[in-house]
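Colleague: Could you take me through this model, one question at a time? I'd like the cut-offs along the way.

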Amino acid sequence: MHLPSKVTICEVGLRDGLQNEARILQTSEKLELANGLIAAGFKVIEIGSFMSPKAVPQMADTDKLFSLLHQIDGVELRALIANKKGIERAINCKCRKVKLNVSASRRHNLANLNRTPEESVAGFGEIVSLAVQHGIEVSGSISMPFGSPWEGNIPLESVQAIVEAYLEVGITEISLSDASGMAVPNKVYSVCSSMKESYPQVKWWLHFHNTRGMAMANILAAMQAGITRFDSSFGGLGGCPFVPGATGNVSSEDLVHMMDEMGIRTGIDIVRLIELARKVRHMVGHDTDSYILKAGRSKDLIRK
Ligand code: ZN
């Protein structure tokens, strides 16, 4: 097997996880979680999003959270944005890293925004130049590149066209996001191999939801293709607005546990992470989709 010696994991639970929760956490609780993640060793954390508070009330305090968090060298705190208003909010609260998103589904994008995915990305140019002026880094994500609920299969050429549109506006860090949980390992392997070969200048991220139990298999396939950056969520929190009954992101503790057992370094302290995931489960007030929270670590079974 071609496996990396180390990987980077971005914790997205504060954004992708909490935005799907009925209970809106207090800013102090989020702050406790963010600081806990930093203490556990995460170097990349998605703190929240600058969306309309009416549309996503769970993320309304993202600005406040950024101004309360101490920015630490070597720890990247990022937020999701959708438009110019988002970058203005990022500037005001000293957020230094933002992520834009577009759907790989043409039908989805045309129905919602009346433009193609490439036209959406081309429209990000103004946001990027505003960000650059203020020293803010911008990355991009492409949702549903491995399959969409609208058209099923997404041709590779469609994904390439979006990547090229991102490169055109100066974005070279791109996440492929299987928000609908339709990715399968052989497709992940072929898409990732082809993307890495065609666009070696891109810093790739993969974002898997465990909607149909395939997230770990997909991550393994992506590592085989040379990808070393993955998003995950504490407790496995998350969902997808387009997929009724969808379970969440792949759980961070499950992912770190697998990497630990395989001898792949993450820089994350699994014991602290498990404690934090328990705290999250308590805060949201329900059980979550995390194997490790249920079964514990393999190591803990070994009799001394
Ligand atoms: Zn997601």
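Modeller: Before we start on the sheet, two strands pair if DSSP finds at least two bridges between them. Helices (H or I, at least four residues) and strands (E, at least two) are DSSP runs, numbered from the N terminus. This is a predicted model, where local features need pLDDT of at least 70, side-chain atom pairs count only at pLDDT 80 or more, and totals for chains, interfaces and linings use all residues. Residues are numbered from 1 along each chain as its sequence is written, and side-chain values use heavy atoms, with hydrogens and water left out.

Colleague: How many bridges join β1 to β2?

Modeller: β1 covers residues 8–11, and β2 covers residues 44–50. Cys-10 of β1 stands opposite Val-44 in β2. The two strands run parallel, and the number of bridges is 2.

Colleague: And in β8, which residue is the bridge partner of Cys-10?

Modeller: β8 is residues 229–232, and β1 pairs with it in the parallel sense over 4 bridges. Glu-11 stands opposite Ser-232 there. For Cys-10, the partner in β8 is Asp-231.

Colleague: Which residue in β8 does Leu-206 stand opposite?

Modeller: That takes us to β7, residues 203–208, which pairs with β8 in the parallel sense over 2 bridges. Opposite Leu-206 you'll find Phe-230.

Colleague: Which residues coordinate the zinc ion?

Modeller: Donors here are N, O and S atoms within 2.8 Å of the metal (3.2 Å for Na, K and Ca); water is not among the atoms, so sites may look incomplete. Along the chain, the donors follow the spacing D-x190-H-x1-H. Both histidines, His-207 and His-209, are buried, meaning under 20% relative accessible area, with exposed over 50% and partly exposed in between (1.4 Å probe, protein chains only). At 1.9 to 2.1 Å, the zinc ion is coordinated by His-207 (NE2), His-209 (NE2) and Asp-16 (OD).

Colleague: How many residues of α2 are buried?

Modeller: α2 has 14 residues and reaches 20 Å from first C-alpha to last, close to the 20 Å expected, that expectation being 1.5 Å times one less than the number of residues. Its cover includes β1, α1, β2, α3, β3 and α12, with contact meaning heavy atoms within 4.5 Å. Gly-41, with a positive phi near 110°, follows the helix. The helix is mostly covered, and the buried count is 10 of its 14 residues.

Colleague: Which helices do the buried residues of α12 pack against?

Modeller: α12 runs from 270 to 284 and reaches 21 Å, close to the 21 Å expected. Among its buried residues are Ile-270, Leu-273, Val-280 and Met-283. They pack against α2, α11 and α13.

Colleague: In the largest nonpolar core, which residues touch the most other members?

Modeller: A nonpolar core is a set of buried Ala, Val, Leu, Ile, Met, Phe, Trp, Tyr and Cys residues joined through side-chain atoms within 4.5 Å. Of the 89 residues in the largest one, the two that touch the most other members are Ile-142 and Tyr-166. α12 gives the most to this core, and its share is 8 residues.

Colleague: Last one: why does Lys-299 count as partly exposed?

Modeller: Lys-299 is found in the segment after α13. Between Lys-299 and Arg-281 there are 22 Å in space, C-alpha to C-alpha, and they are 18 residues apart in sequence. Lys-299 counts as partly exposed because its relative accessibility is 45%.
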